[in-house]
Amino acid sequence: MRRRDFFSTFAFGAILTPLAARAQQKAMPVVGVLSGGFPGSTATSPLSVAAFRQGLSDAGYVEEQNVAIEYRWAGNRYDRMRALAADLVGLKVDVIACLGNAVTLAAKSTASTIPIVFAIGTDPVELGLVSSLARPGGNLTGISFLVVELTGKRFDLISELVPQAKMIALLMNPNNEGTERQTRDAQEAARGRGRQLHILKATSEGEIDAAFASLVTSPADAILVGADALFVNQREQLVAFASRHAVPAIYQWREFVDSGGLISYGPSGSSVARQVGIYAGKILKGSKPDDLPVQQPTKFELVINLKTAKALGLTVPQSLLARADEVIE
């Protein structure tokens with residue numbers, strides 16, 4: 001071989017060798033996270049991204065070390081969710097984690113083959129997401145945290161806390177897929193306790209303000225805040241309005257009570273989000289969604305804020321205090 005040919009061949013091989021080595025290295029898997037909220041609310045959100053990442057870590061995946069995460073935030077806008085889901089599909093992510101009902105339905109309608117792990121507040125079978133809890137079928141599985149199904153229980157709790165209440169309002173978002181179930185359960189609970197139910201509707205921050213303003217002309221003795229991502233993201237506003245109008249309110253997540261709300265009853269959001277992360281990690285390791293049964297929480301937290309109760313002139317019954325998982329003083 002001529003000297004010039006040898007060095008040309010050597011130089012060409014030197015260029016190809018690292019390229020070939022890099023090509024053989026497996027790229028990091030990519031997880032898409034789809035949320036109906038805002039990026040800035042993740043630290044204090046019940047379904048926190050931090051808890052989700054902890055679940056991924058429990059499964060052996062650490063962001064930027066051996067897994068990449070693509071985040072998409074809908075900012076309370078239902079009309080954006082399908083486009084955001086399609087964006088993740090276009091990126092060919094390995095699994096999509098959906099934190100909420102609406103984003104899960106958007107992902108299901110868009111991602112027919114990519115595995116989806118959801119955290120939703122109602123029955124996934126009833127929503128048509130899975131065939132059964134034990135054998136989900138298809139490409140979806142996850143956690144059903146039952147906040148919609150607990151509507152009647154929360155109605156009973158606020159009735160026990162405010163026994164003189166004759167009119168109880170239900171604040172709900174008509175765009176939420178669980179609205180019909182929440183309304184029906186609240187109506188049944190109201191009839192069972194001989195109370196009247198007043199429906200308040202809100203689909204935006206401004207409509208929340210208008211809903212509370214309507215209590216001036218149509219007063220309610222207490223209010224049950226329905227399960228919806230909008231209300232979670234606007235919980236500071238909701239708690240402030242309840243205080244300003246001096247109306248006792250019950251919520252689905254303890255984070256409302258941490259923000260000054262009166263009482264909450266529901267599952268631990270951080271535990272739910274963490275389990276979503278664990279499931280996403282299992283799928284990255286080769287599990288199929290149909291192999292992972294839909295889980296439901298087994299523990300629900302009753303949290304009461306005594307400071308808020310005192311400001312409202314309420315005496316919390318000992319029966320409630322004895323059952324509370326935490327009392328904030």
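**View 1. Seven strands line up in an open sheet of this predicted model.**
Reading across the sheet, the order is E7-E6-E8-E9-E10-E11-E12, and the pairing is mixed. Strand E7 (196–201) and strand E12 (326–328) sit at the edges, so to speak: each pairs on one side only. Going from one strand to the next, the twist averages 20°. For background, strands of a sheet pair through backbone hydrogen bonds, either parallel or antiparallel.

**View 2. Here we zoom in on one edge of that sheet, where E11 meets E12.**
Strand E11 (residues 301–305) pairs with E12 in the parallel sense, and three bridges link the two. Want a pair to look for? Find Asn 305, then look across to Ile 328 in E12, its bridge partner.

**View 3. A helix, H9, packs on the seven-stranded sheet.**
Helix H9 covers residues 235–244. Which strands does H9 touch? They are strand E6 (167–172), strand E8 (222–225) and strand E9 (249–251). Compare the direction of H9 with that of E9 and you get an angle of about 160°.

**View 4. The other sheet shown here is open too, with five strands paired in parallel.**
Its order is E2-E1-E3-E4-E5. The edge strands are E2 (68–73) and E5 (140–144), and each of them pairs on one side only. The twist in this sheet averages 15° from one strand to the next. Take a look at strand E1 (residues 30–35) and E2: they run parallel and are joined by six bridges. Val 31 is a handy starting point, with Ile 69 in E2 as its bridge partner.

**View 5. Two helices, H3 and H4, pack on the five-stranded sheet.**
Helix H3 (residues 81–90) touches E1, E2 and strand E3 (95–99). The direction of H3 makes about 180° with that of E1. Helix H4 touches E1, E3, strand E4 (116–120) and E5. For H4, the angle with the direction of E4 is about 155°.

**View 6. Now for empty space: this is the largest cavity, with a volume of about 400 Å³.**
Rolling a probe the size of a water molecule over the atoms shows where empty space is left. How many cavities of 30 Å³ or more turn up in a search of the whole structure? Just one. The largest cavity is lined by 32 residues, and Leu 47, Leu 99, Gly 100, Asp 228 and Ala 229 lie nearest its centre. Helix H4 (101–110) and helix H8 (229–233) are the elements that give two or more residues to this lining. Sorted by class, the lining has 17 nonpolar, 13 polar and two charged residues.

**View 7. The largest pocket holds about 230 Å³ of space.**
There are 14 residues around this pocket, and the closest to its centre are Ser 268, Ser 271, Val 272, Pro 297 and Thr 298. Which helix supplies the largest share of the lining? That's H11 (residues 269–284), with five residues. The whole lining splits into five nonpolar, six polar and three charged residues.

**View 8. Last stop: the second largest pocket, with about 180 Å³ of space.**
This pocket has 13 lining residues, and Pro 29, Asp 94, Ile 283, Leu 284 and Gly 286 are the closest to its centre. By class, the lining contains eight nonpolar, two polar and three charged residues.

Terms used:
Residues are numbered from 1 along each chain as its sequence is written. This is a predicted model: local features need pLDDT of at least 70, side-chain atom pairs count only at pLDDT 80 or more; totals for chains, interfaces and linings use all residues. Side-chain values use heavy atoms; hydrogens and water are left out. Two strands pair if DSSP finds at least two bridges between them. Helices (H or I, at least four residues) and strands (E, at least two) are DSSP runs, numbered from the N terminus. Axes are lines fitted to C-alpha atoms, for helices over the stretch in contact, and angles run from 0 to 180 degrees between N-to-C directions. Contact means heavy atoms within 4.5 Å. On a 1 Å grid over the protein atoms alone, a cavity is a set of points where a 1.4 Å probe fits but cannot get out, and a pocket is an open set with protein on both sides within 12 Å along at least five of seven lines; lining residues have an atom within 4 Å of a point. Grid points are joined across faces, edges and corners, and a volume is the space filled by probe spheres set on the points. Ala, Val, Leu, Ile, Met, Phe, Trp, Tyr, Cys and Pro count as nonpolar, Asp, Glu, Lys and Arg as charged, and the others, Gly among them, as polar.
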